[in-house]
Amino acid sequence: MSPSDRRAIKVALLGCGTVGSEVVRLLTEQADELAARAGAAVELAGIAVRRPDKHPELPQELVTDDAAALVVREDVDVVVELVGGIEPVRGWLLAALSAGKAVVTANKALLAEHSADLFEAADAAGVDLYFEAAVAGAIPLLRPLRESLAGDRITRVMGIVNGTTNYILSAMDTTGAGYAETLDEAGRLGYAEADPTADVDGYDAASKAAILASLAFHTRVTAKDVHREGIADVTAADLVAARVLGRTVKLLAICERVTADDGAESVSARVHPVMIPRSHQLAGVSGAFNAVYVEADAAGELMFYGQGAGGAPTASAVLGDLVAVARNRVVGGRGPRESAHAALPMRPMGQTPTRYHVSLDVADRAGVLAQVAQAFAGHGVSIAAVRQRDANDTASLVVVTHLAPDAALQSTVDEIAKLDVVRQVVSVMRVEGEDQ
């Protein structure tokens, strides 16, 4: 049976902003190709927007401001949600799933908080829940984790998943400018929102880290489980210090399977600025691009790179999900369900093994290094490298540690700050990757 002989797959679109308008365009311009790929025509049944009068470019017979009614309409097969936020979107999608509608969403915040509710509703109704566009825009990342690597054991997922912060840090590294002025420039160029809090404070990346950790380690992880730090405290001096070490600074989402000495496994998920070697694959990712580095037992090291945001790139991921869902509707099958069978415990940040780069302003006299080293030793933290510099009657000391529990490292820094030979703890930043 040809696609034209089958009943069309009807789509309810919630939200028609930058991404939604691209979805409408692609559905219209590529209608024949999408029908051939899906096995049936894929057509809009309705478009829910908050202010219909603000969208004269849309087919007015499809536009409504009643999303709640649209998602349960009898002729709708698939609901595509591009509104964002938690409520009332959560209620709309649960109603859609309960009514037997498949759901495609790009809502990272909702998935990071309520994926369990959504998956349970999808399973109860026997319908699909797809969300490729929720992390890393156009980059095919979540489907490989859900499907291609389902037979492997993933040990680590680490990446740049927020374009705004990556643009800011890349620009600071290139120009030597400070954080505040670079953030202002990012806003002028359209890389930062008018309120950049979700990006620069790490909330956006934390939501994405929760989704990545859930898929990689078959464990339910929420945004609350993710340790989060932003980039507001990163200074131009930090970038200079990183350069001296052959490193650069990136805001990374790091999700790891951690094995204790007794063999017990747990999951660590964190977002914070990190010094990484310039030779690392992630170090060369500049501007607003995203990249995610995956390590697995059998597959080894994998790298996913591309456009992490934007209307057309994100719409590409949405349409990929939509075609997959439509195919399943045509043949009567289902895509992958939630995989949370491992149910590993979350590892507190304090118990997570990390490395620190600590920059100190110290007194220019004998015995300083010995006192600092004693403080590290007292907390069981091994020192990997020390650099000293004297200039203009001031002295600086840089210490890079070996792996140690994060709480031990933080306690060490707290003790060092109280030493009478230490004028100031200038900066503290975590370090990833081996020194060259």
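Arginine 228 stands opposite valine 271 in β10. The model is predicted. Strand β10 (residues 265-277) is largely enclosed by the rest of the structure, because twelve of its 13 residues are buried. Helix α7 (residues 163-175) is also covered here, as is an annotated position, Glu193.

**Strand β10 and its partners**
- Strand β8 (residues 227-228) pairs with β10 in the parallel sense, over two bridges.
- β9 and β10 run antiparallel and are joined by 13 bridges.
- Cysteine 255 has alanine 269 in β10 as its bridge partner.
- Five residues separate β9 from β10 in a hairpin. Glycine 263, in the turn, has a positive phi of about 90°.
- Strand β17 (residues 422-431) runs parallel to β10, with two bridges joining them. Methionine 275 stands opposite valine 431 in β17.

**Helix α7**
- The end C-alpha atoms of α7 are 18 Å apart. That agrees with the 18 Å expected for 13 residues at 1.5 Å a residue.
- Eleven of the 13 residues are buried, so α7 is largely enclosed by the rest of the structure. Among the buried residues are Tyr167, Ile168, Leu169 and Met172.
- The buried residues of α7 pack against several elements, including β7 (154-160), α8 (179-188), α11 (236-244) and β9 (247-259).
- Asparagine 162 caps the N-terminal end of α7. One of its side-chain oxygens lies 3.2 Å from the backbone nitrogen of threonine 164.
- Glycine 176, just after α7, takes a positive phi of about 80°.

**Annotated position**
- An unreviewed UniProt entry carries the annotation "binding site" at Glu193.
- Glutamate 193 lies in the loop between α8 and α9.
- Glutamate 193 is exposed, because its relative accessible area is 56%, and exposed means over 50%.

Definitions and conventions. Residues numbered from 1 in each chain as written. Predicted model: local features only at pLDDT ≥ 70, side-chain atom pairs only at ≥ 80, totals over all residues. Heavy atoms only, no water. Helix = DSSP H or I, 4+ residues; strand = E, 2+ residues; numbered from the N terminus. Expected span 1.5 Å × (residues − 1). Buried < 20%, exposed > 50% of the residue type's maximum accessible area, 1.4 Å probe, protein only. Contact = heavy atoms within 4.5 Å. Polar contact = N/O pair within 3.5 Å; in protein donor to acceptor, adjacent residues only side chain to side chain. UniProt positions renumbered as here; feature names shortened; annotations may be inferred. Pairing = 2+ DSSP bridges.
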